[in-house]
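Trainee: Could we go through this structure together, one question at a time?
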Amino acid sequence: MIRKVRSHQTQNEPLLFERSSPGKKGYQLPPLDVPSVAPAEALGVANVRREIEGFPEVSEVEIIRHFTRLSTWNYAIDLGLYPLGSCTMKYNPRLNEFVARIEGLAQAHPYQPEELAQGAMRVQVQLEQYLRETTGMDEVTLQPAAGAHGEQTGILLIRAYLEAQGDARRKVLIPDSAHGTNPATAAIAGYEVEEIKSNDQGMIDLEALERAVDDSVAALMVTNPNTVGIFEKDIAKVAEILHERGAQLYMDGANMNALVGIARPGDFGVDVMHLNLHKTFSTPHGGGGPGAGPVAVKKHLAPHLPVPRIEESNGTLRYCYDRELSIGRVRAYFGNFGVLVRALAYILAHGGDGLRNATIDAVLNANYIRKGIGDRYELPYTAPSMHECVFSDDRQARSGVRTGDIAKRLIDYGFHPYTVSFPLIVRGALMIEPTETESKQELDLFIDALRSIADEVESDPELVRSAPHTTRTKRVDETRAARRPVLHWKAPVEEKQAAD
């Protein structure tokens, strides 16, 4: 039984082009009380906009109702759980939005003189301080605009450091449980990529790592917790193996929502890492951005950080550009400042104990789901889960149902699908991350939905294979949609012929 949603009023919603009728307008203006002059005469023919061919003509109430109805078709974090694994789609407190809109911060101009930007600069300094404390690292740059951008910055820092030693090296090692952006980052930075296999517990195989690390290796890029939701318990040993041979340890910090207040990467040997502020520290996530991917480093990499760096003298802050070993700018201005403000507001509102509690709740929620559906779906790795749990569709595949089918059926139950078919080291993966912001009631509904779908697979697999059934658009040809998307509207041929 579907408990979260029920049938509700839905209206077929034609396009505005299809609602259009000649002569309709979305406004009313009184007649001119001054002598009228033709626009072409007053402005010049070249400056008068021609009418847009086929532009819809609709009334104000039609416009309002059209976009209001469309807004109800969207799924959003304000409506329910976003269980996307590896994405940390948590609810973002409205307080942070309010703070980011304070006039003195929202209207700050990046070119204003330093003496007038002391408040904005102090926001950056304070955020850097908290991120250093959280990660156990020595220095932080706030410039990178997103996680992958932070990765690129981190690898460029490693490259600059090794080149300064006269030993740039040529290879970066990446575990098969890492985020997909990691190998792309290493390749863009000019490195060869070599994959390190996981062991039967879903962690880095230390023997394979020992064999792979030689004088050609610049770094290992590790995601910790990894994309199977498991903490790399041998991470200190991994760091030791790398450092003994002059290589660096880069950590993808996208999953820091499982570590904040509990463990600090700098304490277990990480040399450089990025943080996704739009995941762990609450800024809007999704819809194309903006984001922020600060990079934290140990002191030996600090001379290579992007310019400018903020320095303080006699209580006054200034931007310092005179850094001979810097890799230069990686972004215009000083980072996505509005995102930085939101992240600082989140940290200050929670405090140290609050951040720790958020981490504990995120881990608890993931393990609650793992326990709730563990008898119905295959669990490929039995090591303890952190902030997310990853299942396989192996049991359902015996009935011809795959993870994508289950995800689409989940839509009928009122939930956004989990991450489908990732990580690649798990065949038919169901990757679920509830975050700390979900209540027990919401998690129970989600667990109930997945258990019900497992029952349906056994009793009526075609029901799941043909899902979704309650959406306005039924199952689409995803391959065709990706390769031949229809991105604009054309009037039906018969209507054009009739008009002619």
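Here is a conversation about the overall make-up, the sheets, the cores and the charged pairs.

Trainee: Before we start, what kind of model is this?
Mentor: Residues are numbered from 1 along each chain as its sequence is written, and side-chain values use heavy atoms, with hydrogens and water left out. Local features need pLDDT of at least 70 and side-chain atom pairs count only at pLDDT 80 or more, while totals for chains, interfaces and linings use all residues, since this is a predicted model.

Trainee: Good to know. How many helices and strands does the protein have?
Mentor: Helices (H or I, at least four residues) and strands (E, at least two) are DSSP runs, numbered from the N terminus. The C-alpha trace spans about 80 × 70 × 40 Å along its principal axes. The secondary structure comes to 18 helices and 12 strands.

Trainee: And what share of the 500 residues counts as buried?
Mentor: Buried means under 20% relative accessible area, exposed over 50%, and partly exposed in between (1.4 Å probe, protein chains only). Of the 500 residues, the share that counts as buried is 47%.

Trainee: In which order do the three strands of the open sheet lie?
Mentor: Two strands pair if DSSP finds at least two bridges between them. The edge strands, each pairing on one side only, are E10 (389–392) and E11 (419–420). Two bridges join E11 to E12 (residues 429–432), and Val 420 has Leu 430 as its bridge partner in E12. The pairing is antiparallel and the order is E10-E12-E11.

Trainee: Which helix lies across E10 and E12?
Mentor: Axes here are lines fitted to C-alpha atoms, for helices over the stretch in contact (heavy atoms within 4.5 Å). Angles run from 0 to 180 degrees between N-to-C directions. Running at about 25° to E10, the helix spans residues 337–373 and is H12.

Trainee: Which element gives the most residues to the largest nonpolar core?
Mentor: A nonpolar core is a set of buried Ala, Val, Leu, Ile, Met, Phe, Trp, Tyr and Cys residues joined through side-chain atoms within 4.5 Å. The largest one has 52 residues, and Leu 127, Leu 131 and Phe 281 are among those with the most contacts inside it. Elements that give two or more residues include H6 (118–135), E4 (217–223) and E5 (248–253). The one that gives the most, with 11 residues, is H12.

Trainee: How many residues are in the second, separate core?
Mentor: Ile 369, Tyr 377, Ile 406 and Ala 407 are included in this core. Its count of residues is 25.

Trainee: Now strand E2: how many of its five residues are buried?
Mentor: Lys 171, Leu 173 and Pro 175 are buried on one side, and Val 172 and Ile 174 on the other. E2 pairs with E3 (residues 192–196) in the parallel sense over five bridges, with Val 172 opposite Val 193. E2 is largely enclosed by the rest of the structure, because the buried count is five of the five.

Trainee: Glu 438 is buried, so which side chain of opposite charge is nearest to it?
Mentor: Glu 438 is found in the loop between E12 and H15 (440–459). Glu 438 touches Ile 77, Leu 81, Asn 365 and Leu 443, not counting residues up to four places away in sequence. Lys and Arg count as positive and Asp and Glu as negative; His and the chain ends are not counted. Glu 438 has no salt bridge (a side-chain nitrogen of Lys or Arg within 4 Å of a carboxyl oxygen of Asp or Glu), and the nearest side chain of opposite charge, 7.2 Å away, is Lys 4.

Trainee: How many salt bridges does the whole structure have?
Mentor: One of them joins Arg 169 and Asp 167 at 3.0 Å, N to O. Another joins Glu 240 and Lys 237 at 3.6 Å, and both of these residues lie in helix H10, three residues apart, about one turn of the helix. A search of the whole structure finds 34.

Trainee: How many residues apart in sequence are the parts that Asp 405 and Arg 475 tie together?
Mentor: The closest N and O atoms of this salt bridge are 2.9 Å apart. Asp 405 is buried at 11% relative accessibility, whereas Arg 475 is partly exposed at 35%. Asp 405 lies in H14 (residues 403–412) and Arg 475 in the loop between H16 (461–465) and H17 (478–483), so the separation in sequence is 70 residues.
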